[in-house]
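Trainee: I'd like to learn how to read a structure like this one. Could you walk me through it, feature by feature?

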Amino acid sequence: MRTLAPFGRRMARVASVEGIGEYALLWADDGDGPADPRPGQFYMLAAEERWGAGTDERPWLPRAFSYCRAENGRLGFILEDVGPGTHRLAQLAVGDGLWLTGPLGVGFTPPEGRPLLVGGGIGVAPILCWSDELGPDARVLLGFRSTGYAEAASLFRAEVALATDDGSAGRRAYVTELLREELDADPAATVYACGPPPMLEAVRALCGERGVSAQLAMESGMACGFGACFGCVVPTRTGYVRLCVDGPVVDAADLETALVPGSGH
Ligand SMILES: Cc1cc2nc3c(=O)[nH]c(=O)nc-3n(C[C@H](O)[C@H](O)[C@H](O)COP(=O)(O)OP(=O)(O)OC[C@H]3O[C@@H](n4cnc5c(N)ncnc54)[C@H](O)[C@@H]3O)c2cc1C
Ligand code: FES
């Protein structure tokens, strides 16, 4: 499901930035943008100021982010500080300018069976707005490295089942173990997942061997975000697709693997 982006980038203003454990939650006023992005769609973001372009430095490319909530003309993003772009975005202050393009790509499509939502780490972002939309019928399973990251679970309005790698919050398990148990109980579920490639690959394999329908919100390096550069291609059973226009949500049955070439996994 896709809401089309207005042409060109537009300027939004930062409404708030707060820490959620190890992550940052950024809200931006986007009154000029579509009010109805679809869960799973993403935006290309760049700070108005200090976005590269220091002395002898070129501006950085915008970075891709799934929106986590869209409410009253405001867009929410959860950021993990993994490099210069996310570091700068997490430092923004109220009123600062944020260039954004979007919503881009194709989001999740409605479930056939009971929806089972699986989020890993920063991959909880699109799972949050999809959980809001589907309501209490959707079971939400979240996995994080440790308790500092797991604070993002507090953003969910729905009840969630929580796992951490080290057992410092929720169960000591990978979230895919929780998924296996849920599928044992309800093999007719429809699975939606976003998280690191090894987690998505485990979800794909688990659902594939059981014939369970699964939609995966994937990541790859994105330079343009709208289909022009082919930097984001991933292989599927029927050939390469551009994740920014044909995804980022991909039907798991179309993939040989959810491990993305060049991602280090
Ligand atoms: C559709 C989509 C949605 C995303 N949603 C979110 C989100 O909601 N929140 C969030 O924090 N991040 C999200 N990301 C990831 C984010 O775009 C990257 O982490 C971003 O490039 C980081 O920029 P940087 O300048 O901070 O770090 P960079 O210098 O770009 O990279 C830092 C490190 O991350 C690695 N890396 C960067 N991008 C990728 C990638 N796409 N795949 C694998 N490794 C990568 C680099 O190799 C490097 O080790 C999303 C990406 C995509 C494609
Ligand atoms: S990011 Fe440029 S084609 Fe997808």
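Mentor: Sure, and we'll begin with vocabulary. Helices (H or I, at least four residues) and strands (E, at least two) are DSSP runs, numbered from the N terminus. Two strands pair if DSSP finds at least two bridges between them. Now an example: E14 and E15 are joined by a hairpin through two residues.

Trainee: What should I know about the model itself?

Mentor: It is a predicted model, where local features need pLDDT of at least 70 and side-chain atom pairs count only at pLDDT 80 or more, while totals for chains, interfaces and linings use all residues. Residues are numbered from 1 along each chain as its sequence is written, chains are lettered from A and ligands numbered from 1 in the order in which they are written, and side-chain values use heavy atoms, with hydrogens and water left out.

Trainee: Back to that hairpin. How many bridges pair E14 with E15?

Mentor: Strand E14 (residues 233-236) and strand E15 (residues 239-242) are antiparallel, with four bridges. One of the bridge partners to look for is Val241 in E15, opposite Val234.

Trainee: What holds strands together in a sheet?

Mentor: In general, strands of a sheet pair through backbone hydrogen bonds, either parallel or antiparallel. Here, seven strands make an open sheet with antiparallel pairing, in the order E4-E3-E7-E1-E2-E6-E5. E4 and strand E5 (69-71) are the edge strands, each pairing on one side only. On average, neighbouring strands of this sheet are turned by 35° against each other, direction ignored; axes are lines fitted to C-alpha atoms, for helices over the stretch in contact, and angles run from 0 to 180 degrees between N-to-C directions.

Trainee: Which strands does E1 pair with over seven and four bridges?

Mentor: Strand E1 (residues 10-20) pairs with strand E2 (residues 23-29) over seven antiparallel bridges. In E2, Ala24 is the bridge partner of Gly19, and Leu26 is that of Val17. E1 and E2 also form a hairpin with two residues between them, and Gly21 in the turn has a positive phi of about 60°. Four bridges link E1 with strand E7 (residues 97-104), again antiparallel; there, Arg13 has Gly97 as its partner in E7.

Trainee: What counts as unusual in the backbone?

Mentor: Most residues other than glycine have a negative phi, and most peptide bonds are trans. Arg50, which isn't a glycine, has a positive phi near 50°, and Arg50 sits in the loop between strand E3 (42-47) and E4. The bond joining Gly102 and Pro103 is cis, with omega about 5°, and Pro103 belongs to strand E7. Another cis bond runs from Gly247 to Pro248, with omega near 10°.

Trainee: Now the ligand. Which residues come nearest to ligand 1?

Mentor: A residue is near a molecule if one of its heavy atoms lies within 4 Å of it. There are 20 residues around ligand 1, and Arg63, Ala64, Ile78, Gly85 and Thr86 come nearest. E4 gives the most to this shell, with four residues.

Trainee: And where are backbone atoms beside the ligand's oxygen atoms?

Mentor: Look at Ala64: a polar backbone atom there is 2.6 Å from a ligand 1 oxygen. For Gly85, a backbone N or O atom is 2.7 Å from an oxygen of ligand 1, and for Glu80 that distance is 2.9 Å. A polar contact is a pair of N or O atoms within 3.5 Å; within protein, one must be able to donate a hydrogen and the other to accept it, and residues adjacent in sequence count only if both atoms are side-chain atoms.
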